[in-house]
Each structure stands twice: as structure tokens, then as C-alpha cells.
Amino acid sequence: MLIDFFYRLRAGGIQVSIQEYLTLLELLRSQAAPQTQEDFYHLARMVLVKDETLYDRYDQIFAAFSQGLAARAAGAPEVPLDWLLQTFRKHLTPEEKAALERLGWDRLMELFQQRLEEQKERHAGGSKWIGTGGSSPFGHGGYHPEGIRLGGPSAGNRSAVKVWEARQYRDYDDRQELGTRNFKIALRRLRRFAREGAALELDMPGTIHGTAQSGGMLDLRWMPERRNTVKVLMLLDVGGSMDEHVERIESLFSAARSEFRHLEVYYFHNCPYETVWRDNRRREQRVDTLDLIRSHNADWRLILVGDASMSPYELLYPGGSVEHHNRETGAAWLQRLLTQWPSAVWLNPEPSGYWQYRQSIGIVREIMHDRMFGISIEGLERAMHLLAK
């Protein structure tokens, strides 16, 4: 099994030596042996990958290797890595793209299973088999209006309804300061002030009154600082098409950290489902969404941040998530969040002029009762005004 992993790494351009491979085997036989797949992922990366710039390539190879193990365990055929090595891209005209048939969720899954059972060799540039660069609904690097992307990057069409690969996401940096000043000003519209804590601020009226009462002797009076006590729960979409908006989201995140004393942040991908997570480096350590709802009462203000650009199946079909089999639809989970926090808002970094061309954005806007706003000064001010009610 690990010899196959070794050759996959070498074929993928990661120059693993025999000595490094033997060191990994020795560690697997020692008391430091990993107990979980995630532990093995980190141990193998530490031993076998010497250059941090190769981490993303390692992630893709490890994902393909893990999928192969899962497929064998389930009795399903494995998709060989060389089927997914792209050599060219077929360029389709707008007319050719328009002529491609949308298969529908059930038919797409049925055909994918058939291809796994029937295909025996690599294909590229075609319209049927699992491969690259063509108009097949299975593979990567080509175009199909509804497809399953495997083992490679998106070609930029945002049309995949399922993605078979494990990706490592990065937390947004709340220390980002550039461009946050205007965001801070807009976020200040969401305020609920109270005086609490130690008496550190001079009470000027009280001091004047006390000094007058004491016959001219200075009587300094102090009071607690006046702070914004509003409590904000922020759910951030991360990865995939959100990579295009990292700089803007980091500016928003940094401003929120500065303005809201009570701020809790969790991550999701595309749509919140049954779990969310706090740290993208430890994405396996998830928090049940129902527990999140139970532990945060209606005093909290919910802000969802994401481009809402996904397959409509993610919102409307059980099992439609690109990353796992969700037993309930994304729409059902969004509705649960809105039941707990009816005044919630959705902030969308995608330019509002594009919203009409994304079917999923229209669905999310309808679920949110049109409480979706662009991440602009005007959009943030309108969103904060609604949340402050």
C-alpha cells in the first residue's frame, strides 16, 4: 500500500528518497505510529516533503491516494492518477457549450458509477469517459454544465456539482489592517453600548458636582468605560471560489475583530450543514451546528459571509454537498439558522452585478428573505442597520 503512495509522490514531482521512505516505515512501527488518517497525513508530510511550496501538490496526491483506499474498502474501482493528468484543454465554442446536456443529479451519479466500472484506460479531450480537458462530466480541466471534478483544479467555470478531493483551507487573517478603516466605520452602526468593568474613565459631570459639594476641593469621580456590548456570531465561507475574495474578507474580518468585543467565528464551505469548524488546519475538529444554535441565544447577531456560488443541488438535494454526503439539504440548515436568528444577514463579496447570473445566489437570497448585501460601505451600512433593530 505505501509503495504505491511512494510512487505516486515521485510521479507527482515530489522527490522522495528511499531513505525517507524507510524512515517513515520505521516511524510507523514505533510508538509514534499515527492512530488516525489525519495523523498519518501530517507524519508523512513531515518526513517526505522538504519544501513547503510542494504542500499543495502533496495534498492533491494524498487525497487521490486516500480516495483509492476508500474505494477499495467499499469494493468500488479506483480512479488511477494518470487518468487525471491534464495534457491539453479542448476549447469549446459558446454554441458547443450550450448544446451540452444537463444530466440531473440522479443520472449524473448513476453514469459516474458506470464509468468507474467500465473504463479501463486513460482518456483526454473526450465527452464520455473520466478524463481531462474535454466536455465529459467526469474529471477536470474541461467544461460541462454539471459535472464531477476529480483530482485537479477547477477550470474556472464553477459548474461542478461534486468535488472528489480533500483540500486544505487557510484561516482568514484577522490582523490584516490595509483597507479596514472604512469597514470599521460601517460596522460601528451595529452598536449596543453599556458601561461595565473597572472604573477607568473620568466622570466629568460627577467630578464637577463632587468638587462643588466639597467646597472647592478636587473630588475626582470615575466610571466604567462605555463599550459596545453587541454579540456577533460570524460564519465564513472558505475555499473554492472564495479564494478570489481572500483580501476583502480578511479586511472585513480584521475590522470585525476590532469593532466587536464579543465575536465568535466559525467556518463552512459553500453552505452551512450539520457541522462547522473553528480552525481550517484542524477541520476534522468540528462543532455540531445544532449545538451552536443551542449555545447562542437570540441576543446574538448572525452574519454569514460567502459568495453563495455553488451547485443548486447543494441547497436543494440531500447528498448535494461537494465534500460529503449531507442527509439534509443546505436550505434546511439555513432555515434552522434563520429560525434562531431571524434578523441574520448574508454578506456577499461577489460583485452584485453578477448575482442575477448565479442560480444559487438567487436561491440563497430567497431563503434569506433578500437580506443579502454586497461587501461595500453602502452594503455593510444597510446590513448593520437591519441587525441593529
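In which helix is Leu28 found? Leu28 sits in helix α2, and this residue makes a handy starting point for a tour of the model.

A few ground rules come first. The model is predicted, with local features needing pLDDT of at least 70 and side-chain atom pairs counting only at pLDDT 80 or more, while totals for chains, interfaces and linings use all residues. Residues are numbered from 1 along each chain as its sequence is written, and side-chain values use heavy atoms, with hydrogens and water left out.

**The whole protein**

The protein holds 14 helices and 14 strands. Here, helices (H or I, at least four residues) and strands (E, at least two) are DSSP runs, numbered from the N terminus. Of the 389 residues, 45% are buried. Buried means under 20% relative accessible area, exposed means over 50%, and partly exposed lies in between (1.4 Å probe, protein chains only). Take the contacts (heavy atoms within 4.5 Å) between residues at least 6 apart in sequence: 67% of them join residues at least 24 apart.

**Leu28 and the helices around it**

Leu28 counts as partly exposed because its relative accessibility is 26%. Leaving aside residues up to four places away in sequence, Leu28 touches Leu2, Ala33, Pro34, Phe40 and Leu43. Ala44 is 16 residues from Leu28 along the chain, and the C-alpha atoms of the two are separated by 9.8 Å.

The table sets out two helix pairs that involve α2. Axes are lines fitted to C-alpha atoms, for helices over the stretch in contact, and angles run from 0 to 180 degrees between N-to-C directions.

| Helix pair | Axes | Angle |
|---|---|---|
| α1 (residues 2–11) and α2 (residues 18–28) | within 12 Å | roughly 145° |
| α2 and α3 | 9 Å apart | about 145° |

α1 passes α2 in a right-handed crossing. The contact is made by Leu2, Ile3 and Phe6 of α1 with Ile18, Tyr21, Leu25 and Leu28 of α2. The crossing of α2 past α3 is right-handed too. A crossing is left-handed if the near helix is turned anticlockwise from the far one by less than a right angle, and right-handed if clockwise. Between α2 and α3, Glu20, Tyr21, Thr23, Leu24, Leu27 and Leu28 in α2 meet Phe40, Leu43, Ala44, Val47 and Leu48 in α3.

Helix α3 (residues 37–48) has 12 residues, so at 1.5 Å a residue it should span 16 Å, and its end C-alpha atoms are indeed 16 Å apart. The expected span is 1.5 Å times one less than the number of residues. Phe40, Tyr41, Leu43, Ala44, Val47 and Leu48 of α3 are buried. An α-helix has 3.6 residues a turn, so residues three or four places apart point the same way.

**A run of parallel strands**

Now to the strands, where two count as paired if DSSP finds at least two bridges between them. Strand β8 (residues 231–237) is mostly covered, with six of its seven residues buried. β8 pairs with strand β9 (residues 262–268) in the parallel sense over seven bridges, and Leu236 has Tyr267 as its bridge partner in β9. β8 also pairs with β12 in the parallel sense, over six bridges; there the partner of Leu235 is Leu304.

Strand β12 (residues 300–305) in turn pairs with β13 in the parallel sense over three bridges, and Ile303 is bridged to Val345 of β13. Which residues cover the two faces of strand β13 (residues 345–348)? Val345 and Leu347 lie on one side and Trp346 and Asn348 on the other, and all are buried. β13 pairs with strand β14 (residues 372–374) in the parallel sense over three bridges, with Met372 of β14 as the partner of Trp346.

Two right-handed β-α-β units appear among these elements: β8, helix α9 (residues 246–259) and β9 make one, and β13, helix α13 (residues 359–367) and β14 make another. Right-handed here means that, with the strands pointing away from the viewer, the path from the first strand over the helix to the second runs clockwise.

**Two loop residues**

Most residues other than glycine have a negative phi. Asn270, though not a glycine, has a positive phi of about 70°. Asn270 lies in the loop between β9 and β10 (275–277) and is buried, with a relative accessible area of 6%. Asp370, also not a glycine, has a positive phi of about 65°. Asp370 is placed in the loop between α13 and β14 and is partly exposed, with a relative accessible area of 45%.
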